[in-house]
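Got the viewer open and a selection tool ready? Let's take a walk through this one, stop by stop.

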Amino acid sequence: MLEIEDLTCTYGSVVAASQVCLSVKAGEILALVGSNGAGKTSTIMATMGHVRITGGSIMLDGVDVTRLGPRHRARLGMAVVPEGRRLFADMTVDENLTVGGYTRTKPAARQARERAYALFPRLAERRRQIAGSMSGGEQQMLAIGRALMVSPKVLLIDELSLGLMPKIIDLCMETIVRLKREGIAIVLVEQNTDRALEVADAVVVLASGRVVKAGTPEMIRADDTFFQTYIGLDGGQAVRNQVEANVEQRSS
Amino acid sequence: MNGYLVSLVPLIGVNAILALGLNIIAGFCGQISLGQAAFYGIGAYAAALMALAGLPFWLTLPLGALTAGVFGLVVGLVSLRVREDFLAITTMAVGFLFLGLVRKSALFGGEVGLTGIPPSGLGPQGYALLVVGLVAATVALSIYMKASWLGFAFASIAEDEGAARALAVPVPHYKLAAFFIGSALSGLAGAIYCYYARFITPDTFSFLVSVSILAMVVIGGIGSTWGVLLGAVALTLLPEIFRFAGEYRQFLFGLALLMVMRFSPAGLFGMLSRLVPARLGNLRKARA
């Protein structure tokens, strides 16, 4: 479905992503993990066409989209849920979804909106509510719903769990598993590696803009040293777990 | 209608169209412009030159608007590269450039401006009616635009340009469209003014005029068509209403503007939206 070969993008002299290769099939979740500044968001934004690439190629469902703009990529079935949700805070839920369906015809957009409401009944109840007045979880649902307005074949999600309560993260993760079962290929960028690995079918680990490991979640989990070296958060958690275990041992 | 009121109608209409034009750029699409007087002037000078060259009135009005729209499009191209305060300064510079050009050019009559512009041929009352019709058409266009796809795209750019881009909204196209429509409306106001005054001088299109148009938009309620219309009417009439105060007229005018901004930052429209439901609520309570 989505094939990225040697993707390279730079901001001036800073290389944000270098020769990144990844592929995700229909009905599959690929977790793109790594510590801060690893190049995850740049890879997502370059894939969607918002950041100009200096090398490599992007194929979507057999079509070379490397030279196409974001609008054409959206029309071909690519959508993004941006980091921090980036909702239109002063618009209603309904209006946010309408803008999300920019590339669709009116009947297609109407159908897609009803599908988003069916997926998130809470949004249907709040369709006239101003997006900025909703809770973080509801806003994330709206961000996903808005991306679904183009009926994507490939959904790029940047930091799904950012700033959300564990219960809401569960709900969002359940939703993306449901979308995967519907046949959507999902690229999930996550700082919360544990949660990403729970739902992912494949994992790509980035560090300093380069792919340092790729494989199944089990393969990534199995390598403790790798975890501690490349994935800061989980490495930190592993250390904290060890400290807590030592404290417990001493007190007993 | 007496002669004084008839003479006020085109002035109110010119300001209303100017403010509604800027509202499309700044209110709907979120692009600040401090050079609206330049497009007003371009429309006026273009219409005046065409009228002096013998073109009929019905042709000079749309052509004046179109000329200003094309120049607006060029300034819109700048908005693709700069934003917010940088865009404000750039548009302000466009205003000064325009003034500098017309003041020094013999084609535009230099400091003296252009005189001897032929009449519209409609008479004062007929002209006032035409202006009312054009204001009504501008209001209708504005309301239609806000509720249409164009309005949604403008609103998404005004709220978060980055998010609009992420959703594949072609931001540059819409910014240019906003600048074209807003500037063309300012040009139309300029053409109307040129047939109303029948002479134009560079001072009519000074930076102060750009600021006054912005004040009409902000005090009326930026983004609201009815609010901006109300702001334009109020700010055109207030100096006339305060005429009784003689030398203190400007002081009272400034005080009134300060009061609106202090007690209703959302402008006159915001104030009315709060007052009307409250009054309705009181009526309901009284009936109960």
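Start by selecting B:Phe154, which sits in helix H6 of chain B. Keep in mind as you click around that this is a predicted model. Is B:Phe154 buried or exposed? Count C-beta neighbours inside 10 Å and you get 28, so B:Phe154 goes down as buried. Now show what surrounds it. Skipping neighbours within four places in sequence, B:Phe154 is in contact with B:Phe28, B:Cys29, B:Tyr174 and B:Ala178. Put a distance label on the last of those: the C-alpha atoms of B:Phe154 and B:Ala178 are 7.8 Å apart, with their positions 24 residues apart along the chain.

Stay on H6 for a moment and bring chain A into view. Helix H6 (149-159) and helix H7 (161-166) of chain B are the elements that give two or more residues to the side of chain B that touches chain A. Across that contact, 13 residues of chain B meet 17 residues of chain A. Colour the chain B side by class and you should find eight nonpolar, two polar and three charged residues.

Next, select residues 171-197 of chain B, which is helix H8. H8(B) runs for 27 residues and spans 39 Å from its first C-alpha to its last, close to the 39 Å expected at 1.5 Å a residue. Of those 27 residues, 23 are buried, so H8(B) is largely enclosed by the rest of the structure. Step just past its end to B:Arg198, where phi turns positive, near 65°.

H8(B) is also your way into the largest nonpolar core. That core has 159 residues, and the members touching the most others are A:Leu30, A:Ile186, A:Leu188, B:Ile17, B:Ala19, B:Leu188 and B:Ile192. H8(B) gives the most to this core, with 17 residues. Over in chain A, domain 1 (2-77 + 152-247) and domain 2 (87-150) both give residues to the core, so it lies between them.

Zoom in on A:Leu30. Which residues is A:Leu30 in contact with, leaving aside neighbours within four places in sequence? Light up A:Leu22, A:Val24, A:Val187, A:Leu188, A:Ala200, A:Ala202 and A:Val204.

Pull back to see chain A as a whole. You'll be looking at 11 helices and 10 strands. Of its 252 residues, 44% count as buried. Of the contacts in chain A with a separation of 6 or more, 68% join residues 24 or more positions apart.

Now colour chain A by its domain assignment: domain 1 (2-77 + 152-247) and domain 2 (87-150). How far apart are the centres of the two domains of chain A? Taken over C-alpha atoms, the answer is 24 Å. Their contact uses 13 residues from domain 1 and nine residues from domain 2. On the domain 1 side, select helix H2 (70-75) and helix H7 (166-181) of chain A, each of which supplies at least two residues. H7(A) has the largest share of that side, four residues. By class, the domain 1 side comes to eight nonpolar, three polar and two charged residues.

For a side trip in chain A, pick A:Asp94 in helix H3 (residues 93-100). With 16 C-beta neighbours inside 10 Å, A:Asp94 counts as partly exposed. Beyond four places in sequence, A:Asp94 has contacts with A:Arg127 and A:Arg128. You can also label the 8.6 Å between the C-alpha atoms of A:Asp94 and A:Ala124, 30 residues apart along the chain.

Back to chain B for a helix pair. Select helix H2 (residues 36-52) and helix H4 (residues 84-104): they pack at an angle of about 35°, with their axes 8 Å apart. From H2(B), the contact takes B:Ala37, B:Ala38, B:Gly41, B:Ile42 and B:Tyr45, while H4(B) brings B:Val94, B:Gly95, B:Phe98 and B:Val102. That makes seven nonpolar, two polar and no charged residues.

Last stop: helix H9 (residues 207-220) of chain B, with 14 residues and a reach of 20 Å, close to the 20 Å expected at 1.5 Å a residue. Which residues of H9(B) are buried? Select B:Ser210, B:Ile213, B:Met216, B:Val217, B:Val218, B:Ile219 and B:Gly220. Just after H9(B), finish on B:Gly221, which takes a positive phi of about 125°.

Methods: Residues numbered from 1 in each chain as written. Chains lettered and ligands numbered in written order. Predicted model: local features only at pLDDT ≥ 70, side-chain atom pairs only at ≥ 80, totals over all residues. Core = buried A, V, L, I, M, F, W, Y, C linked by C-beta atoms within 7 Å. Buried ≥ 20, exposed ≤ 12 C-beta atoms within 10 Å, placed from the backbone. Domains from an automatic or database assignment. Contact = placed C-beta atoms within 7 Å. Nonpolar A, V, L, I, M, F, W, Y, C, P; charged D, E, K, R; others polar. Expected span 1.5 Å × (residues − 1). Axes fitted to C-alpha atoms, helices over the stretch in contact; angles between N-to-C directions.
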